[in-house]
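Reader: I have a model open and would like to go through it with you. May I begin with a detail and then move outwards?
Author: Please do.

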2 protein chains.
Amino acid sequence: MVFAALADPTRRAILGMLLEDDMAVTDVAEPFQMSLAAISKHLSVLAEAGLVSRERRGRVIWCKLEPDALRNASVWMQGFGQFEPVDLDAFERFLEGELTLPVVSDAP
Amino acid sequence: MVFAALADPTRRAILGMLLEDDMAVTDVAEPFQMSLAAISKHLSVLAEAGLVSRERRGRVIWCKLEPDALRNASVWMQGFGQFEPVDLDAFERFLEGELTLPVVSDAP
DNA sequence: GCCATATTCAACCATTCGGTTGACGATGCC
DNA sequence: GGCATCGTCAACCGAATGGTTGAATATGGC
């Protein structure tokens with residue numbers, strides 16, 4: 001489920017990373033403090049939601065952002081919000097708040 | 001959190017109802033099979049996510065859809081999907097799938 | 001064939017989530 | 001004041017979620 005997949009900050013951070021480029025699972029996991037298995041699970045959730053695809057090339061599995069699912073969910077949400085144009089100030093506050101792609105810290 | 005709030009089908013159905021008109025809590029709860037307390041909790045989650053507001057007028061509390069939060073989240077998601085125009089066929093499949101506003105059944 | 005690397009699987013644990021029930025607090029009406 | 005209605009609170013329960021660890025499965029390089 002797309003929204004459930006987006007509800008977790010780690011998964012949103014992963015999407016942000018994949019926005020820049022396709023990545024191997026190991027490389028996706030590198031900046032996080034959690035185990036590779038945990039990241040692998042997160043990637044499975046994202047894949048089941050259709051947000052990323054995974055393709056094995058040799059030993060390494062490449063993860064790719066699939067923007068369609070996000071775009072579709074976004075359009076669905078627009079259906080609730082289409083009455084007025086976007087309030088850019090509010091959007092800025094929003095970006096600075098909970099939904100910002102979280103900065104991944106290395107500190108324990 | 002907006003996405004967590006949207007992750008539950010009951011809450012999405014509530015949003016769909018509020019899209020048509022403001023409603024009292026009791027009336028929101030009416031079509032569902034669950035207790036009033038459960039719906040009250042769902043409304044709290046939606047309110048904390050900024051998706052609905054509640055205003056007491058006399059004995060009854062009126063619930064109102066707040067489209068800003070949805071619009072902002074939608075714009076955030078568009079950031080991931082802005083590379084190509086929306087695939088309308090895919091969107092139609094999407095609407096027929098998991099994200100459709102669930103039909104609230106009265107059957108046990 | 002053997003070893004190292006990349007990833008997932010399986011079992012487990014703590015926490016959160018979605019629901020229930022019963023008691024409680026506010027408000028309107030007589 | 002007294003009562004019915006509207007809504008929340010609190011305690012509880014089972015299921016799902018996010019994490020861990022250790023073993024298992026590919027695959028590539030030698």
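Reader: Which residue in the turn between β2(A) and β3(A) has a positive phi?
Author: Gly58(A) does, with a phi of about 70 degrees. The two strands form a hairpin with two residues between them. Please note that this is a predicted model, in which local features need pLDDT of at least 70, side-chain atom pairs count only at pLDDT 80 or more, and totals for chains, interfaces and linings use all residues. Residues are numbered from 1 along each chain as its sequence is written, and chains are lettered from A and ligands numbered from 1 in the order in which they are written.

Reader: How many bridges join β2(A) to β3(A)?
Author: Six, and the strands run antiparallel. Strands pair if DSSP finds at least two bridges between them. One partnership is that of Glu55(A) with Trp62(A) in β3(A).

Reader: What is the order of elements in chain A?
Author: From the N terminus on, the order is α-α-β-α-α-β-β-α-α, giving six helices and three strands. Helices (H or I, at least four residues) and strands (E, at least two) are DSSP runs, numbered from the N terminus.

Reader: Turning to the DNA, which residues are closest to strand C?
Author: Thr26(A), Ser40(A), Ser35(B), Ala37(B) and Gly58(B) are the closest of the 24 residues that surround DNA strand C. A residue is near a strand if its C-beta atom, placed from the backbone, lies within 6 Å of it.

Reader: Which element supplies the largest share there?
Author: α4(B), with five residues of the surface near DNA strand C. That surface divides into 13 nonpolar, six polar and five charged residues. Here Ala, Val, Leu, Ile, Met, Phe, Trp, Tyr, Cys and Pro count as nonpolar, Asp, Glu, Lys and Arg as charged, and the others, Gly among them, as polar.

Reader: And which come nearest to strand D?
Author: Of the 22 residues around DNA strand D, the nearest are Ser35(A), Ala38(A), Gly58(A), Thr26(B) and Ser40(B). Gly58(A) is also the turn residue with the positive phi.

Reader: Lastly, how many residues are in the largest nonpolar core?
Author: It has 48 residues, and Leu51(B) is one of those with the most contacts inside it. Such a core is a set of buried Ala, Val, Leu, Ile, Met, Phe, Trp, Tyr and Cys residues joined through C-beta atoms within 7 Å. Buried means that 20 or more other C-beta atoms lie within 10 Å of the residue's own, with C-beta atoms placed from the backbone.

Definitions and conventions
Buried ≥ 20, exposed ≤ 12 C-beta atoms within 10 Å, placed from the backbone.
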